[in-house]
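Work through the exercises below with the sequence and the structure at hand, and try each task before reading its solution.

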Amino acid sequence: MDNTADDPNKLASTLHEPTAATAAAQPLLRPYPTVLDPPLASTSGADEDQSQFLQISYNHGPRSIKDLPFLLLFSLLVLSTFGLGIFASVHKNPHRSQISSFIYNTTSSSCTFLTDVQIPADSFLNNFIDLDSPQSRNSGLLKSMIWTLVITLITSGPFALCVLLLLKHYTKQIVYASLPFFVIIPISINVYWFVACTVSSRCSAAFPLAYRIVVLIFVFLLIGLVVWIFIMNWHRIELTVRIVGVASNALSKNLGLVGVLPALIVGLFVYYVPIVAFLIFSNRNGKIVPREENGEFFCVWKQDSWVPAYYTLAILTMLWSGAAMVEAQVYVISGTIAQWYFSKDDDSAPKHGIRSSLRNAFGPSSGTICFSGLLIFIVRVIRSVVDNARQEDASGIVNLVMRCCANVLLTTVDFLNKFTINFAAITGEAYCSAARMTYELLKRNLLSAVFVETVSTRILAGIVLVLSAIYAVLVCVVLKAVVHLGDDAYFVAVTAWVLLIVILGYFVQVLDNVIETVYVCYAIDRDRGEVYKQDVHEVYVHLPISRSHNYRSGFSARTPLLV
């Protein structure tokens, strides 16, 4: 027997992946973890160091600092924002809101403060609180909305956990039970608003019958488009069910993420609070100067010249920080799920897994996260500019060329950024190195670098819409029957619906990140010929083969690795 069968770390150059028929006839049964043949040994890349690829796994050891220049640049922006903000707070002009108390003094040719002119102490409140105003009369509506949103916010956490547990144990039932509601709820809402508007004299007068019919038909066309999309992708529903089940199981094994990720968002808002305060204080940096107009002098506020530049600096810092926090959350999710995936214990997550991911995210890999956040921020800015140019219908060959170049750039960045932060969280590599190694890893295993399973995201989004719509209907019924809020109940119900969609939408985004992380871990498994999670291999092996790389191998199908 060949020595490579005894030594799992040694790879013979003559081994190759068996065909689908051979693998089915002779399953590879070996002790855990099993080291199998490399899934795809390309003959054109025989000069590559294959031992390098076998070392790809979760890096449990100490990690070196990566992408340090971007961390220094981000730190410089943050320190400059806070430093100038403190300066603005100390040197603010206390008379910024008292311009009307200054008059022009002809003797000194300057503006003089009148001490005998005082603003009533309750003027601020009177400007905003009028006992006879419609807002005060509608206090019942405001009170009902506040209580509804607070209850929605409190119950959304347990509600999301219930959805996670249901998806873990009853994925198929939940998905197939929700599919009819993807059509029933939009049809019901469309018919209801049409009938309600027809019955209401005020709505009928404001919205003519012809326009109502046009909107009704247009909504039905959109519903028909959704039905057609599901019919065309019906053959992938079963695979989607299994992928969602695997992701739900992985997330349920790491429930600590459900508390850590919202805490990071709260931390981001706490970080934003002083910056917003600095922006307010910077607006008070200036002086009151006289201005002549038509031969008359009056006092006006003149802002310091550095304030607009500080506004730009602070806003850029906030946007970059927000993008970096999004990437940090993806990093923490990927690191935690990867530790669970590569552990031998299938029943529980590794101890201190989340703590280790947080330490790596805000420690050695903080520069990588800043780099990724900067790229995401730039891409969003460029995409926003391109979308605005498209909406303005700008013509000309120059605009067309610029738009095409921008689209190519955005596509390239999306292609390179996909799975990069997931891979960096697993291995601790720098951003550029992680992007290159991720692409090579997926290419060697005939896996797509830009596609996992989009149907799962759409179905999860549909489930969120269905559950949120049911909740909104219940809220509307309660407000009408118990609180007797009248037609205002619709507005409160819609507000609660939007809030629940945002919260559950974030939950869906976390599940998407889990799906992508498990995808990368599965690719590492295949590349090393190991099977850490057999149930994952049995599901992810059915994902489509990357057609762009299929011609490089003589295999037309992949078979799951067995233990």
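## Exercise 1: Two packed helices

In this predicted model, helix α18 passes helix α20 in a left-handed crossing. Describe how α18 and α20 pack, and find which residues meet.

Solution. Begin with the general scheme, in which two packed helices are described by the angle between their axes and the distance between the axes. For α18 (residues 431-444) and α20 (residues 488-528), the angle is about 65° and the axes are 9 Å apart. Next, look at the contacts, where Leu-441, Leu-442 and Arg-444 of α18 meet Tyr-519, Val-520, Ala-523, Ile-524 and Asp-527 of α20.

## Exercise 2: Three residues and their surroundings

Decide whether Ser-321 is buried, partly exposed or exposed, and do likewise for Asp-67 and Met-232.

Solution. Start with Ser-321, which is found in helix α13 (residues 307-341); its relative accessibility is 5%, and because buried means under 20%, Ser-321 counts as buried. Leaving aside residues up to four places away in sequence, Ser-321 touches Phe-74, Leu-268, Tyr-271 and Tyr-272.

Turn then to Asp-67, in the loop between α2 (50-54) and α3 (68-90); Asp-67 counts as buried because its relative accessibility is 15%. The phi of Asp-67 is near 50°, a positive value in a residue other than glycine.

Finally, Met-232 belongs to helix α10 (residues 209-232), and it counts as partly exposed because its relative accessibility is 46%. Together with Phe-218, Leu-222, Leu-225, Trp-228 and Ile-229, Met-232 forms a nonpolar patch on the surface, with about 600 Å² of accessible area together.

Definitions and conventions:
Residues numbered from 1 in each chain as written. Predicted model: local features only at pLDDT ≥ 70, side-chain atom pairs only at ≥ 80, totals over all residues. Heavy atoms only, no water. Patch = residues over 30% accessible without salt bridge, like charges linked within 9 Å, V, L, I, M, F, W, Y side chains within 5 Å. Areas by Shrake-Rupley, 256 points an atom, 1.4 Å probe, with all protein chains shown as cover. Salt bridge = Lys/Arg side-chain N within 4 Å of Asp/Glu carboxyl O. Helix = DSSP H or I, 4+ residues; strand = E, 2+ residues; numbered from the N terminus. Buried < 20%, exposed > 50% of the residue type's maximum accessible area, 1.4 Å probe, protein only. Contact = heavy atoms within 4.5 Å. Axes fitted to C-alpha atoms, helices over the stretch in contact; angles between N-to-C directions. Left-handed = near helix turned anticlockwise from the far one by under 90°.
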